[in-house]
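Here are my notes for your first look at this protein. Keep the view open and follow the points in order.

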Amino acid sequence: IVGYDQEEFARRLRYDRPIAASLGALKAARETTCEILDRLTDADWQRTGTHSESGPYSVLKWLQIYAVHAHDHADQIRRARG
């Protein structure tokens, strides 16, 4: 798993645009992720790899990070709106 420059990625997304489509994309991403998680096998849950920036990585570690990810974005939105 390869890390990326989050600040550059965010800059290119143009945060000055309307928010409605982004909220729709977030909702769709969460819905599809739930469908995938529901279908993971025991073997899938045991898979591991290595992240280029944070080292050992597992499905469970990803899920722990992903679970708070939307809250992080909500905090960013609140800060940006002042």
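How much of the accessible surface of the protein belongs to carbon and sulfur atoms? The share is 57%, out of an accessible surface of about 7000 Å². Bear in mind that this is a predicted model.

1. **Elements.** Begin with the secondary structure. The protein has 4 helices and 2 strands. Trace the chain from its start and the pattern reads α-α-α-β-β-α. The two β symbols sit together, with three α symbols before them and one after.

2. **Overall dimensions.** Next, look at the whole trace. Along the principal axes, the C-alpha trace spans about 45 × 30 × 20 Å. The radius of gyration of the protein is 15 Å. For a compact globule of 82 residues, a value near 12 Å would be expected.

3. **Burial and contacts.** Of the 82 residues, 10% are buried. Now consider contacts between residues with a separation of 6 or more. Within that set, 55% join residues 24 or more positions apart.

4. **Charges.** The protein carries 12 positive and 12 negative side chains. Take the centre of each set. The two centres lie 5 Å apart.

5. **Helix 1.** This helix covers residues 6–12. Arg11 lies in it, and so does Glu8. The Arg11 side chain makes a polar contact of 2.7 Å with the side chain of Glu8. Glu8 also has a side-chain polar contact with Arg12, at 2.6 Å. Is Glu8 buried or exposed? Neither label fits, because its relative accessible area is 26%, and partly exposed residues fall between the 20% and 50% cut-offs. For a sense of distance, take Arg11 and Leu60. They are 49 residues apart along the chain, and their C-alpha atoms are separated by 29 Å.

6. **Thr33 in helix 2.** Helix 2 runs over residues 20–39, and Thr33 is part of it. Why does Thr33 count as buried? Its relative accessibility is 12%, and buried means under 20%. Which residues does Thr33 touch, beyond its neighbours within four places in sequence? They are Trp62 and Tyr66. With Tyr66 there is also a polar contact: the two side chains are joined at 3.1 Å.

7. **Thr48 in strand 1.** Strand 1 is made of residues 48–51, and Thr48 belongs to it. Thr48 is exposed, because its relative accessible area is 67% and the cut-off for exposed is over 50%. Set aside neighbours within four places in sequence, and Thr48 is in contact with Tyr57 and Ser58. His71 comes 23 residues away from Thr48 along the chain, with 25 Å between the C-alpha atoms.

8. **His51, in strand 1 as well.** His51 lies in strand 1. Its relative accessible area is 14%, so His51 is buried. Put this beside Thr48, which is exposed at 67%. What does the side chain of His51 reach? One partner is the backbone nitrogen of Ser54, at 3.3 Å. Another is the backbone nitrogen of Glu53, which lies 2.9 Å from a polar atom of the His51 side chain. Beyond neighbours within four places in sequence, His51 is in contact with Ile1, Val2, Gly3 and Tyr57. Tyr57 appears in the contacts of Thr48 too.

9. **Ala67 in helix 4.** Helix 4 covers residues 59–81, and Ala67 has its place there. Ala67 is partly exposed, because its relative accessible area is 41%. How far apart in space are Ala67 and Glu53? From C-alpha to C-alpha the distance is 20 Å, and 14 residues separate them in sequence.

10. **Worth a second look.** Go back to Thr33 and find Tyr66, its partner in the 3.1 Å polar contact. Then turn to His51 and find the backbone nitrogen atoms of Glu53 and Ser54. Finish at Glu8, whose side chain has polar contacts with Arg11 and Arg12.

Terms used: Residues numbered from 1 in each chain as written. Predicted model: local features only at pLDDT ≥ 70, side-chain atom pairs only at ≥ 80, totals over all residues. Heavy atoms only, no water. Rg over C-alpha atoms; globule rule 2.2 N^0.38 Å. Buried < 20%, exposed > 50% of the residue type's maximum accessible area, 1.4 Å probe, protein only. Contact = heavy atoms within 4.5 Å. Areas by Shrake-Rupley, 256 points an atom, 1.4 Å probe, with all protein chains shown as cover. Lys, Arg positive; Asp, Glu negative; His and termini not counted. Charge placed at Lys NZ, Arg CZ, Asp CG, Glu CD. Polar contact = N/O pair within 3.5 Å; in protein donor to acceptor, adjacent residues only side chain to side chain.
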